[in-house]
Structure formats: structure tokens, C-alpha cells
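This report describes a single protein model, moving from selected residues to the metal site and then to the whole chain. The sequence and coordinates are shown below.

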Amino acid sequence: MKIIGNLLAWLEERTGLKQPIIHAITHPVPPGSKWYYVLGTAIMTSFIVQIITGIALSTLYVPSAGEAYESVQYISTQAPFGALIRAMHYFGASAMILFTGLHMIRVYLMGSFKFPRELNWLTGVALLFITVAMGFTGQILRWDQNSVWTVAVGSQQALRVPFIGKLLVEVLVSGGEVGSATLSHFFSYHVFVFPALLIGAIVLHVWLVLHNGISEPPVVGEPVDPKTYRQKYNDMLKREGRPFWPDAAWRDIVFSTLVVIAIFALALWLGPPAIEKPPDPSIVNAQPKPDWYLLWYFALLALLPHEIEDWVIVLAPLFVVLIFLSVPILAPFGERSPRRRPWAIASVAFIVSFVLALTIEGFREPWTPNFEAKPLTPEIIGATSGPIYQGAKVFDTKGCLYCHTISGHGGKRGPDLTEVGSRLTNDQLTIRIVNGGYNMPAYAGNISAQELKDLTAFLDSRKNH
Ligand code: HEC
């Protein structure tokens, strides 16, 4: 005991850290700090889980295009605790994203971003984007078919950015080809660049939280006035403030412990995310599917009419950044209570349902071919022999049915062809099948003249009656 006491005294004499630390953990917080204040610590806790599991993973992961896939396989199937640690890293990432979203909603609805905490909000927005960037680069490191295609799609998108598109692709994937250099780029982004930015932004964010104080729960009819706010806040803290430790911190500790238990339990129970087949450059039509928290964005891109896709790819992220950045600039003062800010509630409700609906679409994937589509029945075809019947068979065997629906049977990747005969002439049908289209393969070298004739006869017969 005495030795430890002496050691601590020595340390304090040399560093002088005791007072600042005590000061930080006992800083006064407003009374009534309730459970919705624990989200920030939950993000920190999940981040610590990420650092620990991430370092563990990095000891076995090989960041080279030839070996990455195998090393992930090895981690997931053979390395002791490998599957558990990989799964914890995945659920830790999910927790970080989820809590960051909830934390932002909480801060926004309670008007905590207003004077004097505008910079708290702006550093928080930076943290959100860095966290998402961590998630995205992390998925790429699996280096399976899905992640390689995600990069390909991502770099195609980056190419469409005006002026700096080329440069962006160069920096992101290092040139036109997705290969070894790409993977080492993503590896250093994921383990050096973004973590450094993240830690820097966290330090700044926490400093600002301590400097400006935790916002008091909003009161209806008490708007923020920059002339008087600081004075009022400080008086209130002197009157009724409580030390963060232990009066408020116990909630943070309880919640953070639950978060770690949940990450551990989910990892044990569900295991790491499945790795797909090794990357195969010959499969050009694969639709990449990112982890759940980015699925909504890919769903949005897949569902958009492709004429406006280019615009959305470039403008939507810019728009989102601008909206987030403008929040404290547009409404720095005034009422904080959500009861006096119906538009704040409405916009959160809108964004949450928008993202939720797209996420659900993303899981349903109506835009991927439906390989389980059942062959068309004679009732649907309306014939049991002859060219129309033969054409319907070609429609099955050539895989048209995977992407197109006829009378409720088939996939939804392409347009419904139930009544295509009313829309297109025989010649137009032929041209379309031979040349393909956007997201439809060209069948020119892949179909005989007779098959083509029967097929168009069949499609021509699909008219509205
Ligand atoms: C991989 C999915 C896929 C497959 C397989 C596929 N198509 Fe398509 N098809 C599409 C898509 C997507 C479109 C819409 C293309 C566009 O808008 O440019 C389309 C468009 C069409 C159209 C035009 C429809 C219209 O209303 O304008 C016809 C006709 C058509 N396909 C017939 C066929 C036939 C016949 C086959 C089989 C030989 C086939 N498709 C195979 C995806 C597919």
C-alpha cells in the first residue's frame, strides 16, 4: 500500500496530472441528467472495443490482395477466438454507428447544438463521417467478392464527381484497376489515417463538452440568448450542479457495461458476418451489398432511375454534409425544447423513416435477379404448343424470367413484361433482346435465330385484353 502511495506521489510530483483528472471527472453537471445522456459514453465504449479487437485482428490479417481473403478465412475458422473477435469487431462497429445516430438525434431534438455548443455539433458531424468511413473501409478489408465490387462501384461513383473525380479515384483505389495497391490503400486508411482523425476529433469533441458544460434539459419558454446564457448556466451549476462522478457517471457505467455485454453476446450468438466467395473479376453483374448501416444508400442508388443516378451520387452526399453543417448556423439561438420546434421533430421523423424504408428495401433487394423464379405455367402462357409456347420456354431457359415478371411470376430487376406486346413492336422487341440495355445483358451471340423468333412471338402475345 505504502509503495503504491509513494509511487503515486512520485508520479504526481513529476506530471501534475492528478488535479486536471479529478477536475475532469468531478466537473459539475446539471441536475436531471437522465438516461438519454449516456449515449456519448456508449460510443466511446464501443470505440474502445474496436481498438482492442482491431489490434487483435491486425496481428493475423494480411493486407495483400493475394492473401487477404485467406487470412480472413483463417481468422474466422481456425485462429483461437478469431471468429469471436471478428464478430465483436463487427458488432462494435454497428454499435458505434447506431449510438452515433441516436446521440445526434438526441442532441438535435433537445437543441443542445445551440449557443455556445455549435462547435460541439460540428466536431460531432466530423466524427459521424469518420466513423462511417471506418465502417466502409473495414468492409473492404474482407476482400471477398462483395467488397471488391463495393470498391468498384464506389470508384465508378467517385469518377463522376466533376473536376476532381480522377484524382479522387487515384487517392481512393490507386488507379483504374482494383488490385493490390487498392487493398493496401484501404488498409492504411482503416488502421492509420481514419483512426488518427477519429481520435483527434474525439479529443476535441470531449474537450468542448467539458469546456462548454453538458447542456441542461431544455425548458419550454426559456430560449437561448447568447448575452445571458453563459451567466445563467454557470449560476445554475453553482446552485444545483452535481459532480459528474459519481452522481451522473453511474448511469454511463451501467449503460456502457450493458453495451459491452451486448456486443459480446451478439458476437457469440450470431458470429462474424459471412464472407462471400473470393473475388472473381469475371462476374460483372454482381450487385454489391454493404453492411446494414450503408445498405440504405446502395438501395437508394439501385432504385433511382439511372438518368438521375449521376446527379444523386454527386449531389446527395454534398447535400447531406451541408444540411448537417448548417444546423447550428441556421438556428444558433432561441427555443431549445422540442415542444416549441415541431419542424425539428418532423424532420427527424422524415429522415428516420426514409432511411428505414430504404434499409428494408435494401434487405429485400428487388433489384437483384430472382434465381428462384418458377417456370411459367401453360395457363400463363396461354398455349401448350406452337411458337408462343416455344418462346415461353426460351424465356425460362435464357434467364429472362430471373429479371422480368410475367403475370406475377419472375424477378423484379427489369420491367414487368406482362403486357409488353402492347408497348413494343416485334422489331423493337428483337432489338432490345439482341442489344440488351441498362442492366440487361445483350443476347446477340447467345440466342439462335429460331429462339429469337419464338421469343418475340411469345412476348408479342403479351397484350392487355
Ligand atoms: C439481368 C437481368 C435481365 C435479364 C436476364 C433480362 N433482362 Fe430484359 N431488361 C432488364 C432491365 C433492367 C431492363 C430495363 C432496361 C432499360 O431500361 O434500359 C430490361 C428491359 C427489357 C425489355 C424492354 C421492356 C420495356 O418495357 O421497355 C424487354 C422487351 C426485355 N428486357 C426482354 C428480355 C428478354 C426477352 C430477356 C431474355 C432473353 C431478358 N429481357 C433478360 C433486365 C434483364
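Asn439 is partly exposed, with a relative accessible area of 34%. In this predicted model, Asn439 sits in the loop that runs between helices H19 and H20. The C-alpha atom of Asn439 lies 9.9 Å from that of Trp367, although 72 residues separate the two in sequence.

The loop between H19 (426-435) and H20 (449-460) also holds Met440, which leads to the metal site. The iron atom of the ligand has two protein donors, NE2 of His404 and SD of Met440, at 1.9 to 2.1 Å. His404 belongs to the loop between helix H17 (400-403) and strand E3 (405-406), whereas Met440 belongs to the loop between H19 and H20, so the pair ties together parts that are 36 residues apart in sequence. The two donor residues fall into separate accessibility classes: His404 is buried, at 11% relative accessible area, while Met440 is partly exposed, at 21%. The cut-off between these classes is 20% relative accessible area, and Met440 is therefore not counted as buried.

Why is the arrangement around the iron atom of the ligand octahedral? The six donor atoms subtend angles of 86 to 178° at the iron atom. For six donors, the octahedral class requires opposite donors to be over 155 degrees apart and all others to lie between 65 and 115 degrees. Ideal angles for six octahedral donors are 90 or 180 degrees.

Further along the chain from His404, the backbone takes a turn of note at Ser407. Ser407 has a positive phi of about 45° although it is not a glycine. Its place is the loop between strand E3 and strand E4 (409-410), and with a relative accessible area of 37% it counts as partly exposed. A positive phi of about 60° is found at Phe81, also not a glycine. Phe81 lies in the loop between H4 and H5 and is exposed, at 62% relative accessibility. Most residues other than glycine have a negative phi, and most peptide bonds are trans.

Two peptide bonds in the model are cis. One joins Phe115 and Pro116, with omega about 0°; Pro116 is placed in the loop between helix H5 (82-109) and helix H6 (118-140). The other runs from Trp245 to Pro246, with omega near 5°, and here the proline is part of a helix, H11 (residues 244-270).

Several pairs bring distant parts of the sequence together, as the following table sets out.

| Pair | Separation in sequence | C-alpha to C-alpha distance |
|---|---|---|
| Ala65 and Ala181 | 116 residues | 8.1 Å |
| Leu294 and Val132 | 162 residues | 8.3 Å |
| Asn439 and Trp367 | 72 residues | 9.9 Å |

Ala65 is located in the loop between helix H3 (39-58) and helix H4 (68-77). With 24% relative accessibility, Ala65 is partly exposed. Beyond its neighbours within four places in sequence, Ala65 contacts Trp143, Gly179, Ser180 and Leu183.

Is Leu294 buried or exposed? Leu294 is buried, its relative accessible area being 11%. This leucine is part of helix H12 (residues 292-303). Apart from residues up to four places away in sequence, Leu294 touches Val132, Phe136 and Gln139. Val132 thus appears both as a contact of Leu294 and as its partner in the table.

The remaining values concern the protein as a whole. Its secondary structure consists of 20 helices and four strands. Along the principal axes, the C-alpha atoms fill a box of roughly 95 × 55 × 45 Å. Of the 465 residues, 42% are buried. Among contacts with a separation of 6 or more, 77% are between residues 24 or more positions apart.

The accessible surface of the protein amounts to about 25800 Å², and carbon and sulfur atoms account for 69% of it. The protein has 35 positive and 33 negative charges, and the mean positions of these two groups are 9 Å apart.

Methods: Residues numbered from 1 in each chain as written. Predicted model: local features only at pLDDT ≥ 70, side-chain atom pairs only at ≥ 80, totals over all residues. Heavy atoms only, no water. Donors = N, O, S within 2.8 Å, 3.2 Å for Na, K, Ca; no water. Tetrahedral: all angles 85-135°; square planar, octahedral: opposite > 155°, others 65-115°. Helix = DSSP H or I, 4+ residues; strand = E, 2+ residues; numbered from the N terminus. Buried < 20%, exposed > 50% of the residue type's maximum accessible area, 1.4 Å probe, protein only. Contact = heavy atoms within 4.5 Å. Areas by Shrake-Rupley, 256 points an atom, 1.4 Å probe, with all protein chains shown as cover. Lys, Arg positive; Asp, Glu negative; His and termini not counted. Charge placed at Lys NZ, Arg CZ, Asp CG, Glu CD.
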